[in-house]
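Here are my notes on the model you sent round. Have the structure open while you read.

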Amino acid sequence: MAEKETRRDIRSLFTQFKTSNHWAVSLARDLLWVVVVVGAIALALYLICGTWPAVVTIESKSMDPNMKVGDLVVVVQKDRYGEFQTWVDGKAANNSRFGSYGDVIIYKPNGLTTVHPIIHRAVAYATDEPMTEIRGNTLKTNYTAPHPGYITWGDNNPYPDQFVSFTGIGNPEPVREEWIVGKSLFTVPLVGYLPLHIVEVVIVVIVIMILHEMYVRSREEKETKPAKKAGKKQR
């Protein structure tokens, strides 16, 4: 009996939530609908792309002119939708991607999860053999990698990532396979500004929803008042 009563209470609460005309409940329903839609989109992107996050935003000019600040980048698994290629592989196959040879990867520098991933082009795969050139540039001093991994380079940067120091990171090591989040599939210009200002966007959306709800309530009240007055006159 107690279990049946509990089920009835839950159904009753759900029915009240679904049919209530109170402005706060209506707003809660709208917000819940937004959460469900966003969650469904996120799940669909994960299933299609096989990565999380499935989209990232370009936040710096290091990939100019091929990727610009505010571009939204769709990220897929490294070997999904085409064989993965470095700059060396792409040049040999005469296959360009995003304005140059080689895939643009999103990776966690030195495997760190406390800093933002880096979005740069994979230009070569380093082994234990000394490297004499990178991306067609002869090195003044041969480079020997501390371990096998990908050498990465921002299209707008003067040096490979592994040759410079980053704030909070130090010198990035060659990118191990497990540090790669995914590769760039395509970009959507300017849309990435929304995630960059997500707090402001959420606040604006909530304010618009509240104002809309207030406007609807105001109209309903104006429409019901004349009907009440008309009813009194008929008496």
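The points below go through the sheet, a hairpin and a surface patch.

1. First, a reminder: this is a predicted model.

2. Let's start with the sheet. It is an open one with six strands, and going across you meet β1, β2, β10, β5, β6 and β9 in that order, with antiparallel pairing. β1 (55-57) and β9 (149-153) are the edge strands, each with a pairing partner on one side only. On average, neighbouring strands in this sheet are turned by 50 degrees against each other, ignoring direction.

3. Now zoom in on the β1 edge. β1 runs antiparallel to strand β2 (residues 72-76), and three bridges join the pair. If you want a spot to click on, Thr57 sits opposite Leu72 in β2.

4. Next, look at β7 and β8. Strand β7 (residues 131-134) pairs with strand β8 (residues 137-143), again antiparallel and over three bridges. Met131 has Tyr143 in β8 as its bridge partner. Two residues lie between the strands of this hairpin, and Arg135 there has a positive phi, near 55 degrees.

5. Last, the surface. Which residues make the nonpolar surface patch of about 490 Å²? They are Leu32, Trp33, Val36, Val37 and Ile41. Of these, Leu32 belongs to helix α2, which covers residues 23-49. Is Leu32 buried or partly exposed? Partly exposed: its relative accessible area is 45%. Patch residues need over 30%, so Leu32, at 45%, clears that cut-off.

How values were computed: Residues are numbered from 1 along each chain as its sequence is written. This is a predicted model: local features need pLDDT of at least 70, side-chain atom pairs count only at pLDDT 80 or more; totals for chains, interfaces and linings use all residues. Side-chain values use heavy atoms; hydrogens and water are left out. Patches are made of residues with over 30% relative accessible area and no salt bridge: like charges are joined within 9 Å, nonpolar side chains (Val, Leu, Ile, Met, Phe, Trp, Tyr) within 5 Å. Accessible areas come from the Shrake-Rupley method with a 1.4 Å probe; for residues, only the protein chains shown count as cover. A salt bridge is a side-chain nitrogen of Lys or Arg within 4 Å of a carboxyl oxygen of Asp or Glu. Helices (H or I, at least four residues) and strands (E, at least two) are DSSP runs, numbered from the N terminus. Buried means under 20% relative accessible area, exposed over 50%, partly exposed in between (1.4 Å probe, protein chains only). Two strands pair if DSSP finds at least two bridges between them. Axes are lines fitted to C-alpha atoms, for helices over the stretch in contact, and angles run from 0 to 180 degrees between N-to-C directions.
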